[in-house]
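Good morning, everyone, and thank you for making time for this. Before I start talking, please take a moment to look at the chain on the screen.

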Amino acid sequence: MAVFGLAPFSACAEEAKLPFMMQNPFISGEHYSTGTIDSEATEPAASRTYKGNTYYGWGKEFYSAIRKGLLNHKASIKVRHLSDISLTSGGIILSTITLRSFLFDILYYSTEDEVSVSCVDGDYLRYSILEYGFGNIELDRYKNGKYFYTITLAVKYNASEQQQKQVDSVVNSFVNSIDTNKLSDYDIIKKIHDFICKKTTYAYEAMDSPYANGYAFSAYGALVKGKCVCQGYASAFYRLCRELGYSSRVVISDPNRGNHAWNIVELDGKYYFVDCTWDDQVLDEGIDDFTEDYYFLINYPASLAYDNGSEHVPDPEYFDTTYYNNKYKKYYALSNYDASDLSLMSRSVVSLSAKSFTFDGTAKKPSVKVISGSGEVLRNGADYTVSYSGNVNTGSPFVYVTGTSDTADATHRRFYIKPSAASKPSASSTDSGVTLKWKANGGGVTGYSVEVYSGGRWSVAKNTTALSATVDSLSPVTKYKFRIRAYKDISKRRYYGAYSGERTVMTKPKRVSGVILGASKKKLTVSYKKVKGSGYIIQYSTKKNMKGAKEIKLSGAKKTSRTIKKLKSGQRYYVRVRAFKKYKLSGKTKYAYGKWSAKKSIKVK
């Protein structure tokens with residue numbers, strides 16, 4: 001249960017003063033929880049509004065705000081917190097241990113598996129953090145016994161944002177190399193295991209100097225640099241399993257017995273243990289006692305037997321919970337996986353008639369073909385049943401294949417529903433930019449990519465979640481083409497719909513400046529600075545609001561002066577000038593007009 005208050009930091013131990021940083025407790029093996037871990041991450045938070053900002057108490061919304069900052073790899077995360085107790089003055093004096101418990105709860109609930117929705121949150125996010133702590137706490141308001149705080153969290157990650165992008169690239173390449181139409185579940189999980197083991201060696205230097213070798217605790221160390229410790233192996237395995245639709249968790253050991261990380265993964269409705277670190281040591285160090293996959297898809301008793309229970313006992317602080325027991329431990333396999341049992345659904349090859357669709361508002365149901373491990377073509381309805389989930393909107397829905405036998409083994413395959421084609425945008429321009437607007441795509445797209453054609457090539461000008469975008473820093477009186485397409489982000493991969501029709505736009509001439517008026521008998525002279533375009537329009541009137549104004553159109557960008565004759569003596573005239581550009585679009589003559597110059601006036605003699 002979360003702590004509900006903090007004392008003034010000056011009242012705490014010296015190391016607790018701001019900024020207060022601590023190592024990720026899941027890595028260090030320390031326990032900071034203040035009590036029984038429950039489902040606080042899913043409980044709604046009490047809230048209040050102040051100056052248009054919402055302040056949340058402990059609960060789902062508060063932790064979601066932190067989670068968003070972590071997912072965006074922010075080094076500084078601001079969250080607004082509603083507290084019953086003062087955090088900065090006159091409050092209860094807390095020990096350093098309690099401060100750590102406060103921070104533990106923040107990290108635990110914002111990265112909890114129960115609220116995980118992608119392969120880059122949950123355990124992957126939890127183990128991407130090297131250090132974190134308080135950067136600042138500001139009291140914004142006190143009213144009716146409630147304290148309104150802005151809390152700044154400082155975060156250090158074990159891989160930089162650029163390094164995480166390199167991980168994404170390796171992951172995408174690996175996932176794209178897996179033809180799930182030709183492989184069984186067992187084949188796919190084995191490929192993940194072997195890919196990590198063959199790509200990586202153990203980073204012994206990181207054991208003694210973790211802060212100098214933070215990369216070794218990340219999937220970056222495993223998948224890009226090729227050197228990591230157990231946490232890097234486990235994070236990489238978790239990420240790749242989740243990317244391919246398999247349920248997995250990172251498991252860490254009881255710190256009283258060891259300090260290790262490994263995985264569980266689901267096959268045929270059962271959870272097996274996998275330890276890429278130990279299997280890789282077999283490969284790298286040439287251990288003769290075991291095969292290279294001796295710690296691959298084994299049951300819990302076997303995992304303990306291999307190391308005499310020294311490192312593979314899960315930490316009860318995090319894994320002896322109602323949620324974990326009901327969702328995972330309850331389904332631990334009773335025996336090691338038997339790859340020779342070709343009747344298992346996880347040994348069958350499941351192929352889909354199509355793996356990619358375009359959103360049109362209807363449910364997508366690719367047909368399924370199942371070939372057992374022994375080569376027998378199984379029959380839909382007799383040997384298995386098929387169901388679908390989330391197969392209408394854009395995203396990555398699943399086909400579920402469940403056996404009809406008493407064991408009722410099950411498997412799945414993922415397919416994709418991409419956005420539909422974007423609508424052709426409307427456009428308006430200035431002398432340096434173009435504003436585009438378009439209609440919303442259906443199906444819950446993530447956003448839209450705006451592209452501009454200039455210099456003989458298309459390039460992305462802007463990505464946005466809105467239905468309009470302004471592209472700035474363009475040249476005046478220049479013709480540009482634009483197109484847009486909707487996209488859907490799934491984990492760290494982006495899926496695009498078809499392009500809209502192209503919209504051609506001419507930017508306007510610059511505003512005319514430097515207008516000078518001269519007067520003589522019954523006439524006036526107008527001069528101004530030259531701007532790029534096809535010509536100018538001079539407008540003059542005896543009314544300050546330019547009502548009833550007359551216009552003179554001058555063709556040619558070099559014509560920067562004009563004398564206007566036959567005017568009334570003693571009359572004051574108001575004058576303004578703007579440039580225009582004449583151009584062709586789809587065979588029709590069009591005009592782009594710049595802004596009017598500042599209005600000037602003069603009395604004619």
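What pLDDT does the chain average? I begin there since this is a predicted model, and the chain averages a pLDDT of 90, with 92% of the residues scoring at least 70. There are, however, two stretches that I would ask you to read with care. Over residues 1–17 the pLDDT stays under 50, and for that stretch the model has 57 contacts beyond four places in sequence. Over residues 286–290 the pLDDT also stays under 50, and here the model has five contacts beyond four places in sequence.

Let me now turn to a pair of helices. Helix H6, which covers residues 185–199, packs with helix H9, residues 230–243, at an angle of about 145 degrees, and their axes are 10 Å apart. The crossing in which H6 passes H9 is right-handed. If you want to find the contact on the screen, look on H6 for Ile 189, Ile 192, His 193, Phe 195 and Ile 196, and on H9 for Tyr 233, Ala 236, Phe 237, Leu 240 and Cys 241. Sorted by class, this contact has nine nonpolar residues and one polar residue, while charged residues are absent from it.

Since Cys 241 of H9 is part of that contact, it leads us to the cysteines. How many disulfides does the structure hold? The number is zero. Cys 230 is in no disulfide, and the nearest cysteine sulfur, which belongs to Cys 228, is 8.5 Å away. For Cys 241, the closest cysteine sulfur is that of Cys 276, at 8.2 Å, and this is too far for a bond, because a disulfide needs sulfur atoms within 2.5 Å. As for their surroundings, Cys 230 counts as buried at 10% relative accessibility, and Cys 241 counts as buried as well, at 0%.

Finally, I would like to show you two backbone angles. Most residues other than glycine have a negative phi. Asp 268, although it is not a glycine, has a positive phi of about 55 degrees. You will find Asp 268 in the loop between strand S10, residues 261–267, and strand S11, residues 270–274, and with a relative accessibility of 8% Asp 268 counts as buried. The other case is Leu 297, again not a glycine, whose phi is positive at about 60 degrees. Leu 297 sits in strand S12, residues 296–298, and it counts as buried, with 2% relative accessibility.

Technical notes:
Residues numbered from 1 in each chain as written. Predicted model: local features only at pLDDT ≥ 70, side-chain atom pairs only at ≥ 80, totals over all residues. Heavy atoms only, no water. Axes fitted to C-alpha atoms, helices over the stretch in contact; angles between N-to-C directions. Helix = DSSP H or I, 4+ residues; strand = E, 2+ residues; numbered from the N terminus. Left-handed = near helix turned anticlockwise from the far one by under 90°. Contact = heavy atoms within 4.5 Å. Nonpolar A, V, L, I, M, F, W, Y, C, P; charged D, E, K, R; others polar. Buried < 20%, exposed > 50% of the residue type's maximum accessible area, 1.4 Å probe, protein only. pLDDT = per-residue confidence, 0-100.
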